[in-house]
Amino acid sequence: MMSKHLLLCFLFFLSSSQLLSSSFSFSNSTQMCPRHQTLALLHLKQSFSINNSSSYYCDFNGVTSYPKTESWKKGSDCCSWDGVTCDWVTGHVIELDLSCSWLFGTIHSNTTLFLLPHLQRLNLAFNNFSGSSVSAGFGRFSSLTHLNLSESRFSGLISSEISHLSNLVSLDLSWNFDAEFALHGFNSLVQNLTKLQKLHLGGISISSVFPDSLLNRSSLISLDLSSCGLHGRFPDHDIHLPKLEVLELGDNNDLSGNFPRFSENNSLKELYLSSTNFSGELPASIGNLKSLQTLSIYNCEFSGSIPTSIGNLQSLKTLVLFNNKFSGSIPTSIGNLKSLKTLDLSFCEFSGSIPTSIGNLKSLKTLDLSYCEFSGSIPTSIGNLKSLETLDLSNCEFSGSIPTSIGNLKSLETLDLSHCEFSGSIPTSIGNLKSLKSLDLSYCEFSGSIPTSIGNLKSLQSLYLFSNNFNGQLPPSIGNLTNLQDLRFSDNLFNETIPSRLYTLPSLVELDLSHNKLTGPIGEFQFDSLEFIDLSMNELHGLIPSSIFKLENLRHLSLSSNNFSGVLEISNFGKLRNLTVLDLSNNMLSLTTSGNSNSILPNIESLDLSENNISGVWSWNMGRDTLGYLNLSYNLISGFEMLPWKNIVILDLHSNMLQGPLPIPPNSTFFFSVSHNKLSGEISSLICKVSSMRVLDLSNNNLSGMLPHCLGNFSKDLSVLNLRRNRFHGIIPQTFLEGNAIRNLDFNDNQLEGLVPRSLIICRKLEVLDLGNNKINDTFPHWLGTLPKLQVLVLRSNTFHGHIGGSKIKSPFMNLRIIDLAHNDFEGDLPEMYLRSLKAIMNADERNMTRKYMGDNYYQDSVMVTIKGLEIEFVKILKAFTTIDLSSNKFQGEIPESIGNLNSLRGLNLSHNNLTGHIPSSFGNLKLLESLDLSSNKLIGRIPQELTSLTFLEVLNLSQNHLTGFIPRGNQFDTFENDSYNGNSGLCGFPLSKKCTTDETLEPSQEVDAEIEGGFDWKITLMGYGCGLAIGFSLGCLIFSIEKPKWLATMVEENIHKKIKRSKRCTCRRGARRN
């Protein structure tokens, strides 16, 4: 029996061996790939060209791309070709993977690709099939389980035949941005493809509500419908998809809903809701997502605080919540997320301090809390985050000093603490951050010197310390930073000389040390990598080093507001062909030229040489086609050979020695100033061809003749026309364009005559109208009261006449703040109706004024006012400056009590009229009044005691009236001298020598006496007012100071401040005492 059993086993083994041998023999002797499928693949290969740029996304994402079809050779078995997989039994091609294959071309509807009916998997991703559509041919692959056409530039309508591929398990059509589903096409796909585990349609236009039926597909593992145009509301019910690992709905701006609710039995690993309209609070149930690794919900409308249950997500690696409305503090449970690598809470409304538990996140690589309302100091536990590569706490309210533990972050590459309230010095431990590439501590309150250990950061590429209070010398160890490309230390208090080693940095591209107190000469740069240099607003001196003129890559050079001197030969700039910005203003430089200099600086766009010693005739015509900004003001230039710049926008030549006729600027000019020169002759009508002009300032010259008729209507953009202080005669231009932009018209101090043009009524944007000091003969232009923005009206020193009277206009001159009608022939009563309508001088709130000064960002208005008999020019008009001057007319009658309602008034002059009656007691309401002149009238009665409450009053003139009684005591009245009261024989008391009798004396209040006895010395206060006030409402009595328009405030503000200080000191010496 035993032998029989063994025999049977042997026979079975023998037969099996024969069968296997026969099978292998068959396999080795048969072509696995059918001939017609081989030919189909070869024809498919020939329909495309090879272009490696077609698959650049692959290499970008770290996937190797190569031309797989190059292995497809005629006569070889297609089953051995790259990307081709066959059925080992039938030989049919069942898988085709041509992803990342550099293919370029169109897949036509008759392509031989569709002759492979047995395909089960097809991957054509990451190629360029521009012009192809997802046509009906793809629906022939009835056995297809996996289809990937992503990132391949398919376009047009997606065929509905796709929805017939009922065996599909995975469908990826994502990021074919020009492809879209037909109406109801997407819903049909969702309804028919019931076996789907992966559905990726990101970037495909669906334009549908979210299909609720998708949330019933228990087979779903990954769903990507980002950037599909989904709208409506995401379902609020619980999601029962136990296998779902990825849900991506981002970039559907019109898709709203609350945070999705998942059942406890979930496998979710990645959730993306970014850039949608989802809102509400994060539910505590978020803690049930125990498998979650990525939560990205930035750019949404979520609010409330982060629930403490967030600490349950122990698998979480990425938490991105930026740009929402989250508030509250970071929960301490955040420290439980031991796997977290990225935490971004920026651009929210979080507050409070950083919890010390943040130090538990030892896997963290990125921490971004910027643009929130966090406060407090950085916890020392931050030093535990030794894997941290990026730390951004910028634009918050953090304070205190940088903890020394920051030096433990040896992997840190980016540290940004800018725009906070950090203070103190930089800890020396900062030198331990050997991997640091970018350090930004700008716009804080750091102080002290920079530690020498900064030189240890040899990987550093960007170093930003600007806008702090750092001082002392720049550390020479900066010379160790051989990889440094960008160094910005502007707006600090650094002093002494620039260390020589800084000039040896081989990689430096941008250097900004502006707005410091650096001294000494500039050294010679050793490398030519520099593209940007700004050393402006320092105390540097000497010659400009020759090495600067060898920096061929230089684009921006600013050395303004220093003490550089010497003669610059224009040819020195010959190598700086890439230079676009050159600013050498406010130095002591002069220029000389030899030979043709027109080819020098061919690409210059902005040139500022103002406030130097440049003289003679200008002949440097650089940048004919590129120059847009040229400022040569405050020099000694006497003329120009030509103005050749075709694209000039701003041309500032004011305050020079220009002579001869007015030069006509190029047609592209919108700002043209030649004020304060010696130009003569008439204005040529050619000026009217510059149709883009916005600011035309010809003031303070010797120009004469009649004004061209076109001057009021040659440019629809004209905003400022300043012809002050010339010798023009004739009439003012009568025609202005409908809808014009005129904001400032200044014809002061000429010899113009005739009437005020009635066409001014269409200048609806007019803010300043100055016709003073001319020969205009007209009645009061009451119709100007309809101009809604008029703030300054100057008609002084003309021949205006007649009664001002009333007006039929409702609430005229509501925005008027500066009114000067002095030295005319007006008569009758003071215009009480107009005085009642001056709303801008009543209860003005300076805090709500959008602009501190009148004017635009490229030009600021000026005005002449008369104070204490002196004409003073304010080159910038504070919005808070208010004054009324009706002096030297023939007004009569009593002063209306209603003037007391103008409680924001700073100056009032009614002198040299025929006014009668008493001084209104309501003047005591003018709490901001600084100057009051009622002299040379016929006023009677006592000086109101209420005037003593005017504590800002610095100038008082009541002389040449018929006032009687005692002079009030207290506050400012104890500072005025005899001049304030001369010509009033009935007055008595201090400061007059005439003592008051019993009948004339009214006992001052005990409060006033107490102030006097208390020893408060108002004469000392007056000294402060004399220098600091001088009608206190502008930059300090800028008497005939600079008139440099402020059209680029950021470039010239500092220069203006310097001049203001000089002028202010001069004015104070002349005008500190009262008349």
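A contact here means heavy atoms within 4.5 Å. Among contacts in the protein between residues at least 6 apart in sequence, 54% join residues at least 24 apart. The model is predicted, so to speak of local features requires pLDDT of at least 70, side-chain atom pairs count only at pLDDT 80 or more, and totals for chains, interfaces and linings use all residues. Residues are numbered from 1 along each chain as its sequence is written, and side-chain values use heavy atoms, with hydrogens and water left out.

The protein has 1075 residues, and 55% of them count as buried. Buried means under 20% relative accessible area; exposed means over 50%, and partly exposed lies in between (1.4 Å probe, protein chains only). The accessible surface of the protein is about 44100 Å². Carbon and sulfur atoms account for 50% of that surface. Areas were computed by the Shrake-Rupley method with a 1.4 Å probe; for residues, only the protein chains shown count as cover. The secondary structure comprises 8 helices and 73 strands. These are DSSP runs, numbered from the N terminus: helices are H or I with at least four residues, strands are E with at least two.

The structure holds 5 disulfides. A disulfide is a pair of cysteine sulfur atoms within 2.5 Å. With bonded cysteines counted along the chain, the pattern is 1-3, 2-6, 4-5, 7-8, 9-10. Cys 420 stands outside this set, being in no disulfide. The nearest cysteine sulfur to Cys 420 belongs to Cys 396 and is 5.3 Å away. Cys 420 is buried, at 6% relative accessibility. Cys 763 is also buried, at 0%.

One disulfide joins Cys 33 to Cys 78, with an S to S distance of 1.8 Å. Cys 33 lies in the loop between α1 (2-29) and α2 (35-46), and Cys 78 in the loop between α3 (56-60) and β2 (84-86). The pair therefore ties together parts that are 45 residues apart in sequence. The torsion about the S-S bond of Cys 33 and Cys 78 is about 95°, so this disulfide is right-handed. Cys 33 counts as buried at 6% relative accessibility. Cys 78 counts as buried at 0%.

A disulfide also joins Cys 688 to Cys 710, again with a stated S to S distance of 1.8 Å. Here the torsion about the S-S bond is about 75°, so the disulfide is right-handed. The pair links distant parts of the chain, 22 residues apart. Cys 688 sits in the loop between β50 (678-681) and β51 (695-697). Cys 710 sits in the loop between β52 (702-706) and β53 (720-722). Cys 688 is buried, with a relative accessible area of 15%. Cys 710 is partly exposed, at 22% relative accessibility.

Cys 988 and Cys 996 form another of the disulfides, their sulfur atoms 2.0 Å apart. The torsion about this S-S bond is about 105°, so the disulfide is right-handed. Cys 988 is buried at 0% relative accessibility, whereas Cys 996 is partly exposed, with a relative accessible area of 26%.

Strand pairing was examined next. Two strands pair if DSSP finds at least two bridges between them. Strand β12 (residues 231-233) pairs with strand β14 (residues 254-257) in the parallel sense, over 3 bridges. His 231 has Asp 254 in β14 as its bridge partner. Strand β14 is also joined to strand β16 (residues 277-281), by 2 bridges, and the two run parallel. In this pairing, Gly 257 stands opposite Phe 278 in β16. Strand β14 thus has bridges to β12 and to β16.

Asp 746 offers a view of a single residue. Asp 746 belongs to strand β55 (residues 744-746). Its relative accessible area is 2%, and Asp 746 is buried. The side chains of Asp 746 and Arg 724 are joined by a polar contact of 2.9 Å. A polar contact is a pair of N or O atoms within 3.5 Å; within protein, one must be able to donate a hydrogen and the other to accept it, and residues adjacent in sequence count only if both atoms are side-chain atoms. The side chain of Asp 746 also reaches the backbone nitrogen of Asn 748, at 3.1 Å. Leaving aside residues up to four places away in sequence, Asp 746 touches Leu 721, Asn 722, Leu 723, Arg 724 and Asp 770.
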